[in-house]
Amino acid sequence: MKKIFTYALTLIGMVMCSLGANAQETTIYRPDFNDFVESQNGECEWNAETKTISWTSASGNNVLNVKFTGLPEGKMPVGTKFVVKAKLVNDAKSFRMFIGGDCKADCGDGENVMELTEDKVVTEWRLGGPGWQTAAELQGTGGIEIEDIYIERPNGTIEEDPLPEIIPAPAENPGDNRLSVDMSTLAENWGQGVYNPSTQLYQANAGYANLMTLEALQGMDATIYKRVVVNISYVNTYEESGRFCTGDGGTLRTVLLKEGINEIEITSDDDLSKVRIGGRGAGQKMVIHYIYADTNTPTAINKVSVESNLDAQQYNLAGQKVNNNAKGLVIMNGKKYVK
């Protein structure tokens, strides 16, 4: 009987060891509470001393409030968990936790967990109040006291995409027939995007509000400079997720960028008071190798679309303007339509 008991314990031990060996290891990341920052359109306040987020609007933009550094970004594998332990205070009914643009509305007292069910590119981690999209019974002013926040990520389940090598810009043309953009001076200055001058990697963190102004090309003379050349490589994203824009508001013109060299025609119709480049969706990344304008005419024109609050111009696939009577495939406001 004693031998049977010993064998049973040994067998249980072997099974437990086997399970432990096969269990997937994870890494825990915790932010520094002093690194919390108030994010866009927020109507919340962060108190680092008391570790409290508070909001005064019952259904405003308080959902887009506090984001924090010190947590992993980029590719996150299935099973990654965003864990927040918090206590509702000041009559709060709920709060929200965000992974990029995704959210979980019905968070409350105690431990709240959001787990990724598919691989995802994560651009930021955020917390805030319930906001206007929340069900009415969950709206209200209030706040939360944070006990703990961490990200638990499975190890060894996903690899980062390597960055492409930076392609040197072509040699300067003699004379005054080229305007070159100094890539080391680029910076996010209009919306939600991040640019790294050392790697020339740009990452868009929102759908559209993520353009960077190209100071060297602002106000260039369209009677002299006939084209802009943009050379990019996409990273972990899809074709035509970058865009080159001239103008603003009702004059906005957008060229969707393919990977590699893009030759963009500049005409007297372009509003060159603003010339910008950026992404078209959150999480999209591209390495911007070089950008310049010169006097040459394009050898090929990329697909063109107009984004306008006043007049949505239509184009065919050759980038030519067409009227409302055009038949077949047309492009309007950056989207394809069959007429």
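Is Glu263 buried or exposed in this structure? Glu263 is buried, its relative accessible area being 15%, and the points below set this residue among its partners in what is a predicted model.

1. On the overall make-up, the protein has one helix and 29 strands. Of its 339 residues, 45% count as buried, and the accessible surface comes to about 17200 Å², with carbon and sulfur atoms accounting for 50% of that area. Where contacts between residues at least 6 apart in sequence are concerned, 71% of them join residues at least 24 apart.

2. On the salt bridge of Glu263, its partner is Arg227, and the closest N and O atoms of the two are 2.9 Å apart. Because Arg227 belongs to strand 19 (residues 227-235) and Glu263 to strand 22 (residues 260-265), this pair ties together parts that are 36 residues apart in sequence. Arg227 is buried as well, with a relative accessible area of 9%, a value that falls under the 20% cut-off used for that class.

3. On the second bridge of Arg227, the partner is Asp294, with 2.8 Å between the closest N and O atoms. Asp294 is located in strand 24 (residues 285-294) and Arg227 in strand 19, so that here the parts tied together are 67 residues apart in sequence. Asp294 counts as buried, its relative accessibility being 0%.

4. On a further bridge, the structure holds seven salt bridges, and one that deserves separate mention joins the side chains of Asp248 and Lys274, at 3.0 Å from N to O. Asp248 sits in the loop between strand 20 (242-246) and strand 21 (253-257), whereas Lys274 sits in the loop between strand 22 and strand 23 (275-279), so this pair ties together parts that are 26 residues apart in sequence. Asp248 is partly exposed, with a relative accessible area of 33%, and Lys274 is likewise partly exposed, at 29%.

5. On how the bridges connect, Arg227, Glu263 and Asp294 are joined into one network by salt bridges that share partners. The residues of this network can be read together as buried, given 9% for Arg227, 15% for Glu263 and 0% for Asp294.

6. On the hairpin that holds Asp248, strand 20 and strand 21 pair in the antiparallel sense over five bridges, and Phe244 stands opposite Val255 of strand 21. Six residues lie between the two strands of this hairpin, and Gly247, in the turn, has a positive phi of about 80 degrees.

7. On strand 21 itself, five of its five residues are buried, so the strand is largely enclosed by the rest of the structure. Its side chains are divided between two directions, with Arg253, Val255 and Leu257 pointing one way and Thr254 and Leu256 the other way, and all of them are buried.

8. On Asp270, this residue is placed in the loop between strand 22 and strand 23, and with a relative accessible area of 9% it is buried. Its side chain is joined to that of Arg253 by a polar contact of 2.6 Å. Once neighbours within four places in sequence are set aside, Asp270 is in contact with Thr246, Arg253 and Glu265.

Conventions:
Residues numbered from 1 in each chain as written. Predicted model: local features only at pLDDT ≥ 70, side-chain atom pairs only at ≥ 80, totals over all residues. Heavy atoms only, no water. Salt bridge = Lys/Arg side-chain N within 4 Å of Asp/Glu carboxyl O. Helix = DSSP H or I, 4+ residues; strand = E, 2+ residues; numbered from the N terminus. Buried < 20%, exposed > 50% of the residue type's maximum accessible area, 1.4 Å probe, protein only. Polar contact = N/O pair within 3.5 Å; in protein donor to acceptor, adjacent residues only side chain to side chain. Contact = heavy atoms within 4.5 Å. Pairing = 2+ DSSP bridges. Areas by Shrake-Rupley, 256 points an atom, 1.4 Å probe, with all protein chains shown as cover.
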